[in-house]
Amino acid sequence: QLLRINSGATAPEWHTPATVTSDVVKLYHQEITSTAVGQVYIQNFFDDSVYAYYELQIHGLSTSNDSSNSVIYARMMTATNTADTGTNYFSAGTTWTATASSNSGGTSRDIDNSSWGFSRNNIEGGDTNTSASQIKIFNPTSTTFKTYMQSSCYSLHNNADELYGNYQYGHYNTTAAHIGITLYPTGGNLDKGSFTLYGYKK
């Protein structure tokens with residue numbers, strides 16, 4: 001209880017404040033530290049009756065496959081530990097690359113693809129040259145509306161001599177209900193990373 005002056009400003013009174021609630025709820029957290037994994041499953045946390053959208057934050061992500069085609073992909077999930085591999089993933093985005101001497105930009109797209117590729121070029125192996133990403137997900141459990149996503153990814157390579165970025169919007173082109181999202185690299189494993197899923201209430 002808190003002590004306050006009453007409404008007539010004549011005397012003090014005890015007051016019990018309302019319980020504090022949050023419109024943003026942490027639904028899931030996972031750390032990859034010492035044991036590499038082939039994919040990450042984030043599942044059974046979506047509830048569209050409560051949440052308007054979801055945000056997955058990924059920090060310190062690295063892969064065991066340090067090469068120019070080391071890209072991270074995402075798929076929605078139809079059941080526990082089951083990725084939706086249908087060719088219904090669409091996206092359009094902007095990409096950029098920067099070095100000490102030059103920079104360049106471009107566009108990216110996924111049309112009738114079997115996944116969303118949300119990183120740009122090399123996600124290398126190492127504790128310092130890692131990547132950070134955000135993925136927002138809308139309507140994942142709906143069978144009335146399509147699942148939409150918005151993502152951004154930033155990564156660095158060769159001791160920050162090379163910088164990569166990818167920013168995109170996309171959707172899953174049917175009204176299938178999804179219970180989660182899975183992330184995996186084109187080759188090798190995910191050997192470091194922090195994954196946190198938040199739900200934003202309606």
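## The β1–β2 hairpin

In this predicted model, L3 has W14 of strand β2 as its bridge partner. That pair belongs to an antiparallel pairing in which strand β1 (residues 2-5) and strand β2 (residues 12-15) share 4 bridges. The two strands form a hairpin, with 6 residues between them. If you look into the turn, you will find A9 with a positive phi of about 60 degrees.

## Overall build

Stepping back to the whole chain, the protein has 15 strands and 0 helices. Its radius of gyration is 21 Å, whereas the globule rule gives 17 Å for 202 residues, so the protein is more spread out than a compact globule. The C-alpha trace spans about 75 × 45 × 35 Å along its principal axes.

What share of the residues count as buried? Of the 202 residues, the buried ones make up 40%. The protein exposes about 10200 Å², and 49% of that area is supplied by carbon and sulfur atoms. As for charge, there are 10 positive and 15 negative side chains, and the centres of these two sets are 8 Å apart. Contacts reach across the sequence too: of those between residues at least 6 apart, 74% join residues at least 24 apart.

## Strand β15 and its partners

Strand β15 (residues 190-201) is a good place to pick up the sheet connections. It runs antiparallel to strand β3 (residues 24-32), and 8 bridges join the two. In this pairing, I32 has G193 of β15 as its bridge partner.

β15 also pairs with strand β5 (residues 51-63), again in the antiparallel sense, over 10 bridges. Here E55 is matched with Y198 of β15 as its bridge partner.

## Strand β8 and its partners

Which strands pair with β8? One of them is strand β9 (residues 103-113), which runs antiparallel to strand β8 (residues 89-99) and is joined to it by 9 bridges. β8 and β9 form a hairpin with 3 residues between them, and Y89 stands opposite N113 in β9.

Another partner of β8 is strand β13 (residues 162-172), with an antiparallel pairing over 11 bridges. Within that pairing, the bridge partner of A98 is L163 in β13. It helps to keep in mind, when following such strands by eye, that side chains in a regular strand alternate between the two faces of the sheet.

## Two residues worth a visit

Is S133 buried or exposed? S133 lies in strand β11 (residues 131-138). Its relative accessibility is 3%, under the 20% cut-off, so S133 counts as buried. Beyond its neighbours within four places in sequence, S133 is in contact with L56, Q57, I58, F118, S152 and C153.

K146 offers a second stop, in the loop between β11 and β12 (148-157). At 29% relative accessibility, K146 counts as partly exposed. Leaving aside neighbours within four places in sequence, its contacts are F138, N139, H171, Y172, N173, T174 and T175. For a sense of distance across the model, K146 and S34 are 37 Å apart in space, C-alpha to C-alpha, and 112 residues apart in sequence.

Note on methods
Residues are numbered from 1 along each chain as its sequence is written. This is a predicted model: local features need pLDDT of at least 70, side-chain atom pairs count only at pLDDT 80 or more; totals for chains, interfaces and linings use all residues. Side-chain values use heavy atoms; hydrogens and water are left out. The radius of gyration is taken over C-alpha atoms; the globule rule is 2.2 Å times the number of residues to the power 0.38. Buried means under 20% relative accessible area, exposed over 50%, partly exposed in between (1.4 Å probe, protein chains only). Contact means heavy atoms within 4.5 Å. Accessible areas come from the Shrake-Rupley method with a 1.4 Å probe; for residues, only the protein chains shown count as cover. Lys and Arg count as positive and Asp and Glu as negative; His and the chain ends are not counted. The place of a charge is taken as NZ of Lys, CZ of Arg, CG of Asp or CD of Glu. Two strands pair if DSSP finds at least two bridges between them.
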